[in-house]
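Trainee: I'd like a close look at a single part of this one. Could you walk me through a strand?

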Amino acid sequence: MQTVKIYDLNVKYDIIHRNVKYWRLELKNEKLVIIAPKGHDNYEKIIEKHKKWIYKKFKAINASKHEAKQRELNYELGEEEFRELVRRLVEKFSLELDVTVNKIYFRKMKSRWGSCSSRNNININRYLKYLPGSLIEYVVFHEVAHLVELNHSKRFWDIIREKFNNYKEIEKELSIYWFAIKDTIIGAQFSESKT
């Protein structure tokens with residue numbers, strides 16, 4: 001892992017060479033990942049070209065981490081109660097969007113609230129149970145909507161906007177809650193596993 005100074009921030013980054021045609025920048029676990037075509041090493045040029053974007057993303061991460069300290073997690077929802085809530089929401093939104101969900105899986109995920117496969121399976125992050133009900137509803141709708149449009153295209157966001165016209169604020173809240181979960185639940189589990 002390396003570090004680069006961008007304005008007033010020290011940004012940690014990794015470079016991964018893959019058999020790809022174009023450079024790609026990703027943010028994973030509060031770190032910049034540079035996906036580079038094999039045989040290319042001019043990553044300083046890529047960082048310089050995209051430094052405003054990188055800076056903006058890391059400032060948003062830092063703001064979310066700060067905001068996370070103000071959020072209360074919900075410890076009221078039991079595991080079975082949570083699963084039943086998700087199943088009911090999946091059924092409701094499947095009817096609304098006229099899609100069929102094959103299976104619902106509940107997993108502890110490190111970087112997503114949910115995911116959807118081309119086989120019409122939906123994965124839901126078990127940590128979602130600690131969030132307010134409105135955010136659970138949004139994540140479930142988001143994943144069911146992927147059965148209409150598998151990617152994050154304009155069409156997909158139009159579907160989201162029809163039900164949640166404030167989806168950008170909701171996405172920001174999800175980011176904030178992720179840091180709250182990471183600091184409390186995941187951090188505590190990590191500490192326990194080391195003892």
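Trainee: Take β7: which residues sit on one side and which on the other, and are they buried or exposed?

Mentor: Keep in mind that this is a predicted model. Strand β7 runs over residues 121-125, and five of its five residues are buried. Split them by face and you get Asn-121, Asn-123 and Asn-125 on one side, with Ile-122 and Ile-124 on the other. Both faces are covered, then. If you want the cut-off behind that word, buried means under 20% relative accessible area.

Now for the neighbours. Strand β5, residues 103-107, pairs with β7 in the parallel sense, over five bridges. One contact to look up there is Tyr-105, whose bridge partner in β7 is Asn-123. β6 also pairs with β7, but in the antiparallel sense and over three bridges. In that pairing, look for Cys-116, which stands opposite Ile-122 of β7. The hairpin of β6 and β7 has four residues between the strands, and Asn-120 takes a positive phi there, near 70 degrees.

From β6 you can step across to the largest pocket, since β6 (114-116) is among the elements that give two or more residues to its lining, along with β3, α2, α4 and α6. That pocket holds about 1400 Å³ of space and is lined by 34 residues. Nearest its centre are Leu-27, Ser-111, Arg-112, Glu-171 and Ser-175. By class, the lining has 13 nonpolar, nine polar and 12 charged residues, and α6 provides the largest share of it, with eight residues.

Definitions and conventions:
Residues numbered from 1 in each chain as written. Predicted model: local features only at pLDDT ≥ 70, side-chain atom pairs only at ≥ 80, totals over all residues. Heavy atoms only, no water. 1 Å grid on protein atoms, 1.4 Å probe; cavity = no way out; pocket = protein on both sides within 12 Å on 5 of 7 lines; lining within 4 Å. Points joined across faces, edges and corners; volume = space filled by probe spheres on them. Nonpolar A, V, L, I, M, F, W, Y, C, P; charged D, E, K, R; others polar. Buried < 20%, exposed > 50% of the residue type's maximum accessible area, 1.4 Å probe, protein only. Pairing = 2+ DSSP bridges.
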